[in-house]
Amino acid sequence: METETIFTVLVKIFIVIMLIIYLLVGIIMTKQIFLMNKAIKTKLAGFLNCAALIHMALILGVLAFAIVA
Amino acid sequence: MTHRTETLNSILPEQKDGTISSVVVLPERMEFETQNPNEQVYILLRRHIFSNIGWVLGNVILAVIPLVLFIILNWLSMDFLGDFSIKMSYILVAACIWYLFLITRSFMGFLDWYFNIYLVTNERVIDFDFNAFAYHKISETGLENIVDATQETIGFFPMIFNYGDVYIQTAGERREFDFLAVTNPSWVRDKIMDLRDLVKETPK
């Protein structure tokens with residue numbers, strides 16, 4: 001029972017740390033997309049900015065779900 | 001109609017536009033940050049769409065793996081939850097992270113293709129290099145600096161789908177521009193050289 005608790009806590013910590021790193025990666029990626037959309041203005045620019053924000057929202061959603069679960 | 005416009009019409013006779021296309025001729029609603037007031041984009045090139053097959057197939061396989069694993073373990077009736085009796089919520093979180101990773105990978109693959117573009121304008125050739133979280137690099141050279149262009153088509157798929165590399169030698173500081181895996185490399189090489197000649201014939 002004690003082993004199970006330690007294991008559970010370790011897995012939770014590991015997942016949360018992974019997701020926080022993932023969140024940082026997502027922020028850098030979103031910034032890069034904004035920069036490139038500024039450098040090259042195409043018809044898809046608005047759509048790509050939205051997609052980058054949705055992607056960030058997904059990462060935050062999964063992070064929240066992992067913490068709650 | 002001026003001689004220059006006539007010659008340009010003979011080099012690029014028709015417009016070929018498309019939001020997600022690997023070759024766009026005389027694109028509309030396309031601008032870039034360092035564009036000069038009278039600068040017009042003649043050709044926009046991306047890698048051939050088939051060059052994305054690697055990450056697309058990789059993602060399809062990675063998307064199927066958890067499902068296959070789940071079905072096999074279910075079929076074998078294995079107690080894969082083990083002694084730790086992993087809760088269903090853990091499996092759900094793991095699945096969410098896995099598919100989030102796949103979404104990111106697909107998005108990055110698409111962006112890598114979409115933003116790595118080569119532009120040929122009435123003044124210069126510009127090479128935009130982009131990586132989703134590492135760097136972005138922009139190189140350019142004047143059309144009049146182009147010395148010669150070489151095309152190369154190597155491999156089974158490039159032969160079938162007609163794509164390949166075009167190497168542009170320049171007299172500028174950066175000696176070579178590489179247009180990698182572009183559609184119809186012969187056409188690209190020919191048009192670049194024709195546009196170079198046009199610029200040299202009709203100086204600003």
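**Contact between chains A and B**

Guide: In this predicted model, local features need pLDDT of at least 70, side-chain atom pairs count only at pLDDT 80 or more, and totals for chains, interfaces and linings use all residues. Residues are numbered from 1 along each chain as its sequence is written, while chains are lettered from A and ligands numbered from 1 in the order in which they are written.

Visitor: How many residues does each chain bring to the contact?

Guide: Chain A gives 25 residues and chain B gives 24; two residues are in contact if their C-beta atoms, placed from the backbone, lie within 7 Å. On the side of chain A that touches chain B, α1 (2–39), β1 (40–41) and α2 each supply at least two residues. The largest share, twelve residues, comes from α1(A).

Visitor: What makes β1(A) and β2(B) a pair of strands?

Guide: Strands pair if DSSP finds at least two bridges between them. Two bridges join β1(A) to β2 (residues 31–32) of chain B, so they pair, and they run antiparallel. A:Ile40 has B:Phe32 as its bridge partner.

Visitor: Why does the span of α2(A) agree with that of a helix?

Guide: Helices are DSSP runs of H or I with at least four residues, and strands are runs of E with at least two, numbered from the N terminus. The expected span is 1.5 Å times one less than the number of residues. For the 24 residues of α2(A) (45–68) this gives 34 Å; the end C-alpha atoms are 35 Å apart, which agrees.
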